[in-house]
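User: Hey, I've just opened this one and I'm new to it. Can you walk me through what's going on?
Analyst: Sure, have a look at it and ask away.

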Amino acid sequence: MLIRAGATDFPLPMPPRILEVGFGDGRFTAQIARMYPEWQILGVEISAGSVARALGRFRREGIGSVRVYHGEAGFALRNLVAPRSLRRVYVNFPDPWPKAKHQANRLLQRAFFRRLSTRLAEGGELLLTTDHEDYWKFAQAEGRASEVFHLETPPPPDFHLTTKYALKWKAQGRRFYHAVFRKAAEDPTPWPPLPRYPMPHALLAGSLPTLETFEKTVIRFAGGTAVLLEATRTLTPEGGYYFHSHIEEEDLVQDVLLEARPSAHGLYVGIGRFGAPLSTAGVRVAVEWLVGWLEGQGLQVVQRSY
Ligand SMILES: C[S@@+](CC[C@H](N)C(=O)[O-])C[C@H]1O[C@@H](n2cnc3c(N)ncnc32)[C@H](O)[C@@H]1O
């Protein structure tokens, strides 16, 4: 940002933008927010219970500089974080996924590091603290393999050892490991936010058949997979069906209720009012499939919007 002062333009320093992945009960987040009130902190956490606990803590402690996203780190990084904007990312005690067959679930993999490089500012860094030596070594190997980070392994700063998990493992006498991954280059592959579409829907003429069975259907498309798992009859007087759909796209997994219900204008087919679905390519594919399937049952499309 530039402000004009007389004849001279001079840059105002941007407040540092900080990301914490997997903040758990939020006590570390609250601590850094108190220590550095000028920081703009985004906390990302996949567990709803943890989000609720942390929000309660921030409210009680009067902390207003933390924004919280309930969801997955890769999705948040891609869709909520501007390119080259982050000064620092904290990852304290990430789930270690110790079994070899589960290692694909680990957060700090080379693809994550490469993508992170596009969201970190020049010289920005990721700080890892863990009690899990194997994960610590794994993350270092992945960070090196990403070819976009410099790596250092100093001892963990004391204040990183005050998280809920740090205190738990300290009580058990465990050792702690730390690593600093500093951005050295940037992955040139574009990683734009996921495209979003208007809510897809259609109106059909004809009467909805009574379904005796519904066969699970898997639809593969360029960006992922949509699975229509089952159909459930609604108990509303006008009738209709919900179709439970599981949609996996890059950086996003959603369970979405599609619906087919009689309306004043015909049979409405679209996304049911349940949860907070994002209207993505995968949701569009699922609605499109459902409309086609109903056409196969003898209904005719009078209007479609996708
Ligand atoms: C072992 S706990 C550590 C919590 C906290 N950092 C601490 O040290 O007390 C790991 C946390 O990461 C969260 N988590 C795991 N994978 C995640 C992901 N992909 N995105 C966001 N949060 C994640 C879990 O829900 C959990 O709260």
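User: How much area do domain 1 and domain 2 bury between them?
Analyst: About 410 Å², with 42% of it on carbon and sulfur atoms. Buried area here is the accessible area, taken with a 1.4 Å probe, that two parts lose on being put together, summed over both. One caution: this is a predicted model, where local features need pLDDT of at least 70 and side-chain atom pairs count only at pLDDT 80 or more, while totals for chains, interfaces and linings use all residues. Residues are numbered from 1 along each chain as its sequence is written, and side-chain values use heavy atoms, with hydrogens and water left out.

User: Which residues supply most of what domain 1 buries there?
Analyst: Phe75, Arg78 and Arg115 supply 86% of the area that domain 1 buries against domain 2, more than any other three residues.

User: And where does the chain get divided into domains?
Analyst: Domain 1 is 11-183 and domain 2 is 201-305. Those bounds come from an automatic or database domain assignment. The C-alpha centres of the two domains lie 38 Å apart. Five residues from domain 1 and four residues from domain 2 take part in the contact, where contact means heavy atoms within 4.5 Å.

User: How many salt bridges cross that interface?
Analyst: The rule finds four across the interface of domain 1 and domain 2. A salt bridge is a side-chain nitrogen of Lys or Arg within 4 Å of a carboxyl oxygen of Asp or Glu. Aspartate 251 forms a salt bridge with arginine 115, and their closest N and O atoms are 3.4 Å apart. Helix α3 (residues 73-80) gives three residues, the largest share of the side of domain 1 that touches domain 2. Helices (H or I, at least four residues) and strands (E, at least two) are DSSP runs, numbered from the N terminus.

User: OK, new topic. How many salt bridges does the rule count in total?
Analyst: The count comes to 20.

User: Which residue does aspartate 134 pair with?
Analyst: Aspartate 134 forms a salt bridge with arginine 106, the closest N and O atoms being 3.1 Å apart. The pair links distant parts of the chain: aspartate 134 is in helix α5 (residues 133-146), and arginine 106 is in the loop between β6 and α4, 28 residues apart.

User: Is arginine 106 buried or exposed?
Analyst: Arginine 106 counts as buried, because its relative accessibility is 3%. Aspartate 134 is at 39%, so aspartate 134 counts as partly exposed. The cut-offs: buried is under 20% relative accessible area, exposed is over 50%, and partly exposed is in between (1.4 Å probe, protein chains only).

User: What about glutamate 152, which residue does it meet?
Analyst: Arginine 182, in a salt bridge of 3.6 Å, N to O. Glutamate 152 lies in strand β8 (residues 149-152) and arginine 182 in strand β9 (residues 177-183), so this pair ties together parts that are 30 residues apart in sequence. Glutamate 152 is partly exposed at 45%, and arginine 182 is partly exposed as well, at 29%.

User: Which residues are linked in a network of salt bridges?
Analyst: Asp25, Arg27, Arg34, Arg57 and Glu61. Within that group, the side chains of glutamate 61 and arginine 57 meet at 3.6 Å, N to O. Arginine 57 is buried, with a relative accessible area of 17%, whereas glutamate 61 counts as partly exposed at 34%.

User: Helix α2 next. How many residues does α2 have?
Analyst: Helix α2 (residues 48-60) has 13 residues, and it reaches 18 Å from its first C-alpha to its last, close to the 18 Å expected at 1.5 Å a residue. The expected span is 1.5 Å times one less than the number of residues.

User: What do the buried residues of α2 pack against?
Analyst: They pack against α1 (27-35), β4 (40-45) and β5 (66-70). The buried ones are Ser50, Val51, Ala54, Gly56, Arg57 and Phe58. After α2 comes glycine 62, with a positive phi near 65°.

User: Which residue in the loop between α3 and β6 should I look at?
Analyst: Try arginine 84, which lies in that loop, with β6 at 86-92. Arginine 84 has a positive phi of about 55° although it is not a glycine. At 55% relative accessibility, arginine 84 counts as exposed.

User: And tryptophan 97, where does it lie?
Analyst: Tryptophan 97 lies in the loop between β6 and α4 (110-119). Its phi is near 40°, a positive value in a residue other than glycine. Tryptophan 97 is partly exposed, with a relative accessible area of 33%.
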